[in-house]
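Please work through the following exercises with the sequence and the model at hand, trying each task before reading its solution.

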Amino acid sequence: MDPVKPLNLRGFLIYKSLLSPAEQGVILDDIRGVIKQAPLFSPITAWGKPMSVGMSSAGRYGWYSDRSGYRYERKHPNGTPWPAIPQSVMRIWSAVTDCARAPDCCLINHYTEKARMGLHQDNDEQDFSFPVVSVSLGDEGLFRIGGTERKDKTESIWLSSGDVCVMGGSARLAYHGIDRIRFGSSALLRNNGRINLTLRVVD
Ligand SMILES: O=C(O)CCC(=O)C(=O)O
Ligand SMILES: [Mn+2]
């Protein structure tokens, strides 16, 4: 992991291929360990529709949603605390940010062939001076980025396995989403699909 000058797309800093295949393998094993203890589930949106993305979390907080809205919870819906964030993932945060504080949530998103994530802001955290760091593993995902208003014009970039994106500064509250997955484009995951990790400072 050797962060060289990232691509700057409207303040989104994208480190292409930051993680070597070996590093991706280690992280994936660690994430499988997390999911064994905290299985993926499909959160329900405030409108009562299950999300197409499977989710779980590691850390002191996990992201959660149901008809009452989006929020962070201390426990998995099965009642157990979220597993710790693996060291292999924490190292990425240290490599691409100079934050004194460690993240307290690693949200795990699992995309199968038809899954997508609509345009949204990450704004359930308390302090937006901390960035959100996103890690892509497995199949490529078409990442759409916009500005801080939903109506702002957007552009898209394919995120590949091993890419890391830092959403900080002016990009911290920018709209973003995943339009589609290029299913089968990576051999990292046994059954294809894409895993995205986002590291967040929650409180
Ligand atoms: O999957 C991605 O690359 C983005 C995920 C995301 O925006 C989120 O979890 O809030
Ligand atoms: Mn997001």
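**Exercise 1. Which residues of the largest nonpolar core touch the most other members, and which element gives the most to this core?**

In this predicted model, begin with the largest nonpolar core, which holds 45 residues and in which Cys106, Val133, Val164 and Cys165 touch the most other members. Next, ask which element contributes most: E6 does, giving five residues to this core. Then take Cys106 and set aside its neighbours within four places in sequence, which leaves contacts with Ser57, Ala58, Gly59, Ile85, Val89, Leu197 and Leu199. As general background, nonpolar side chains in soluble globular proteins tend to be buried together.

**Exercise 2. Determine the strand order of the sheet of seven strands, and state what lies across it.**

The seven strands form an open sheet in the order E1-E2-E11-E8-E13-E6-E3, with antiparallel pairing. At its edges stand E1 and strand E3 (54-59), each of which pairs on one side only. Neighbouring strands of this sheet are turned by 20° against each other on average, if direction is ignored. For one pairing in detail, take E2 and strand E11 (residues 164-167), which are joined in the antiparallel sense over four bridges, and note that Leu13 has Val166 in E11 as its bridge partner. Finally, helix H2 (residues 87-96) lies across E2, E6, strand E8 (132-138), E11 and E13, and it runs at about 125° to E8.

**Exercise 3. Work out the order of the sheet of four strands, and explain why one side of E7 and of E10 is left without a neighbour.**

The order of this open sheet is E7-E12-E9-E10, again with antiparallel pairing. Strand E7 (117-120) and strand E10 (155-159) are at the edges and have a single partner strand each, so one side of each has no neighbour in the sheet. From one strand to the next, the twist averages 25°. The partner of E7 is found by following its bridges: two of them join E7 to strand E12 (residues 176-182), and these strands run antiparallel. Within this pairing, Met117 has Ile178 in E12 as its bridge partner.

**Exercise 4. Which residues surround ligand 1, and how do they divide into nonpolar, polar and charged?**

First list the shell around ligand 1, which consists of Leu107, Asn109, Met117, Asp122, Ser134, Gly141, Phe143, Leu159, His176, Ile178, Asn196 and Thr198. Met117 and Ile178, both in this shell, are also the bridge partners met in the previous exercise. Next, find the elements that give two or more residues to the shell, namely strand E6 (105-111), strand E9 (140-145), E12 and strand E13 (194-200). Sorting the shell by type then gives five nonpolar residues, six polar residues and one charged residue.

**Exercise 5. Where do Arg10 and Ser17 lie, and how are these residues and Gln37 classed by exposure?**

Arg10 belongs to the loop between strand E1 (7-9) and strand E2 (12-15), and its phi is positive, about 50°, although Arg10 is not a glycine. Because Arg10 has 14 C-beta neighbours inside 10 Å, it counts as partly exposed. Ser17, in the loop between E2 and H1, likewise has a positive phi, near 50°, and its 13 C-beta neighbours inside 10 Å make Ser17 partly exposed. Gln37 lies in helix H1 (residues 21-37) and, with 15 C-beta neighbours inside 10 Å, is also classed as partly exposed. As a last step, relate Gln37 to Val133: their C-alpha atoms are separated by 23 Å, the residues being 96 apart along the chain.

Notes: Residues numbered from 1 in each chain as written. Chains lettered and ligands numbered in written order. Predicted model: local features only at pLDDT ≥ 70, side-chain atom pairs only at ≥ 80, totals over all residues. Pairing = 2+ DSSP bridges. Axes fitted to C-alpha atoms, helices over the stretch in contact; angles between N-to-C directions. Near = placed C-beta within 6 Å. Nonpolar A, V, L, I, M, F, W, Y, C, P; charged D, E, K, R; others polar. Core = buried A, V, L, I, M, F, W, Y, C linked by C-beta atoms within 7 Å. Buried ≥ 20, exposed ≤ 12 C-beta atoms within 10 Å, placed from the backbone. Contact = placed C-beta atoms within 7 Å.
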